[in-house]
Amino acid sequence: MLLNKSPQILVKRFMKTLICLLLLTGMALTAGELTGKWTGKFDITTPDGETKPDSAVMHLKLDGTKVTGTAGPNEDQQWTIENGKLEAGKLTFEVVPEGDASKLVFDLVFDGETIRGTASGHDGDNKLTAKVDLKRAA
């Protein structure tokens with residue numbers, strides 16, 4: 001009986017280890033896919049509830065959990081990403097547009113194919129929010 005159980009135990013351990021390795025590899029590959037150019041919508045909601053459609057372009061680089069790069073409304077207006085990190089699919093960072101004292105705080109979700117979430121900041125005394133919806137640029 002002991003001989004029959006031993007191979008089964010080894011197979012079960014091997015399968016558990018293999019599954020864990022595949023999951024970890026999948027997460028690492030997904031995280032690595034963040035690096036690159038992303039484009040899409042940046043729909044701003046003003047304090048009075050009006051929505052103003054705009055665009056966003058981001059150039060992102062992932063090193064471990066640290067995210068660096070630039071973000072802005074187009075290729076000509078790009079600002080440096082600060083305090084960027086990606087942990088368990090949650091992407092957060094800040095951007096301080098040139099000539100502007102306020103910063104934009106991004107709270108996003110990266111699912112491997114899209115980057116979606118919100119950005120918030122101030123325009124003078126007015127609080128602004130925006131919905132962000134990006135896809136990898138071709």
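Is glutamate 94 buried, partly exposed or exposed, and what is its relative accessible area? In this predicted model, glutamate 94 is buried, with a relative accessible area of 18%. The protein has 1 helix and 9 strands, and along the sequence these follow the pattern α-β-β-β-β-β-β-β-β-β.

**Overall composition**

- Of the 138 residues in the protein, 27% are buried.
- The protein exposes about 9,300 Å², and 58% of that area is supplied by carbon and sulfur atoms.
- Among contacts between residues at least 6 apart in sequence, 32% join residues at least 24 apart.

**Strand pairing from E3 to E5**

- Strand E3 (residues 55-63) pairs with strand E4 (residues 66-72) in the antiparallel sense, over 7 bridges.
- Within this pairing, leucine 60 stands opposite glycine 69 in E4.
- The hairpin of E3 and E4 has 2 residues between the strands, and glycine 64 takes a positive phi near 70° there.
- E4 also pairs with strand E5 (residues 79-87), again in the antiparallel sense, over 4 bridges.
- Alanine 71 stands opposite tryptophan 79 in E5.
- The hairpin that joins E4 to E5 runs through 6 residues.

**Salt bridges**

- A search of the whole structure finds 4 salt bridges, including the three described below.
- Aspartate 107 forms a salt bridge with lysine 90, with the closest N and O atoms 3.4 Å apart.
- This pair links distant parts of the chain, since aspartate 107 lies in strand E7 (residues 104-110) and lysine 90 in strand E6 (residues 90-95), 17 residues apart.
- Aspartate 107 is partly exposed at 37% relative accessible area, and lysine 90 is partly exposed at 43%.
- Glutamate 94 forms a salt bridge with lysine 103, the closest N and O atoms being 3.6 Å apart.
- Lysine 103 is partly exposed, with a relative accessible area of 39%, whereas glutamate 94 is buried because its 18% falls under the 20% cut-off.
- Aspartate 133 and arginine 116 meet through their side chains in a salt bridge of 3.0 Å, N to O.
- That pair likewise links distant parts of the chain: aspartate 133 is in strand E9 (residues 126-136) and arginine 116 is in strand E8 (residues 114-123), 17 residues apart.
- Aspartate 133 counts as partly exposed at 25% relative accessibility, and arginine 116 is partly exposed at 41%.

**Threonine 46**

- Threonine 46 is placed in the loop between strand E1 (36-45) and strand E2 (51-52).
- The residue is buried, with a relative accessible area of 14%.
- Apart from neighbours within four places in sequence, threonine 46 is in contact with Lys52 and Leu128.

How values were computed:
Residues numbered from 1 in each chain as written. Predicted model: local features only at pLDDT ≥ 70, side-chain atom pairs only at ≥ 80, totals over all residues. Heavy atoms only, no water. Buried < 20%, exposed > 50% of the residue type's maximum accessible area, 1.4 Å probe, protein only. Contact = heavy atoms within 4.5 Å. Areas by Shrake-Rupley, 256 points an atom, 1.4 Å probe, with all protein chains shown as cover. Pairing = 2+ DSSP bridges.
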